[in-house]
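Trainee: I am new to this structure. Please take me through one part of it closely, the sheet and what packs against it.

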Amino acid sequence: MKKIEAIIKPFKLDDVREALSGIGITGMTVAEIKGFGRQKGHTELYRGAEYVVDFLPKLKIDIVVAEAQVEECIEAITNAARTGKIGDGKIFVSPVEQVIRIRTGESGEEAI
């Protein structure tokens, strides 16, 4: 099993969710986060004063999938989240040792 963490632009969430649903991914966790990479933030004007916005709003999606679904999942997220502009995000893949469904006690891939 693998954990896929995707950092995406907030307005791309519906596209990513639909793409994942289309390949059979039924569950995910989404969190609102702030951060920056190569974008380095930007400046904005508010009531005549200029200020720097260092941390940009992003969404973090966490999904745990079976090994066989990893590449298909990455491809779906990449295609749905890509705008072609800086700040599209990143995908991280890491191993998951064990998953346990609290309600039933199921473990492993059956618990996903």
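Mentor: Here is the sheet, then its helices, then one residue within it. Keep in mind that this is a predicted model.

Start with the strands. Four of them form an open sheet, in the order E2-E5-E1-E6. The pairing is antiparallel. Strand E2 (29-35) and strand E6 (89-95) stand at the edges. Each has a single partner strand, so one side of each is left without a neighbour in the sheet. From one strand to the next, the twist averages 20 degrees.

Now look at one pair. E2 and strand E5 (residues 56-65) run antiparallel, joined by seven bridges. Find Ile 33: its bridge partner in E5 is Lys 58.

Next, the helices. Helix H1 (residues 13-22) packs on the sheet. H1 touches strand E1 (2-8), E2 and E5. The direction of H1 makes about 10 degrees with that of E5. Helix H2 (residues 70-81) lies across E1, E5 and E6. H2 runs at about 5 degrees to E1.

Finish with a single residue in E5, Asp 62. Is Asp 62 buried or exposed? Asp 62 is buried, yet has no salt bridge. The nearest side chain of opposite charge is Lys 60, 4.3 Å away. A salt bridge needs a side-chain nitrogen of Lys or Arg within 4 Å of a carboxyl oxygen. Leaving aside residues up to four places away in sequence, Asp 62 touches Lys 3, Ile 4, Glu 5, Met 28 and Thr 29.

How values were computed: Residues are numbered from 1 along each chain as its sequence is written. This is a predicted model: local features need pLDDT of at least 70, side-chain atom pairs count only at pLDDT 80 or more; totals for chains, interfaces and linings use all residues. Side-chain values use heavy atoms; hydrogens and water are left out. Two strands pair if DSSP finds at least two bridges between them. Helices (H or I, at least four residues) and strands (E, at least two) are DSSP runs, numbered from the N terminus. Axes are lines fitted to C-alpha atoms, for helices over the stretch in contact, and angles run from 0 to 180 degrees between N-to-C directions. Contact means heavy atoms within 4.5 Å. Buried means under 20% relative accessible area, exposed over 50%, partly exposed in between (1.4 Å probe, protein chains only). Lys and Arg count as positive and Asp and Glu as negative; His and the chain ends are not counted.
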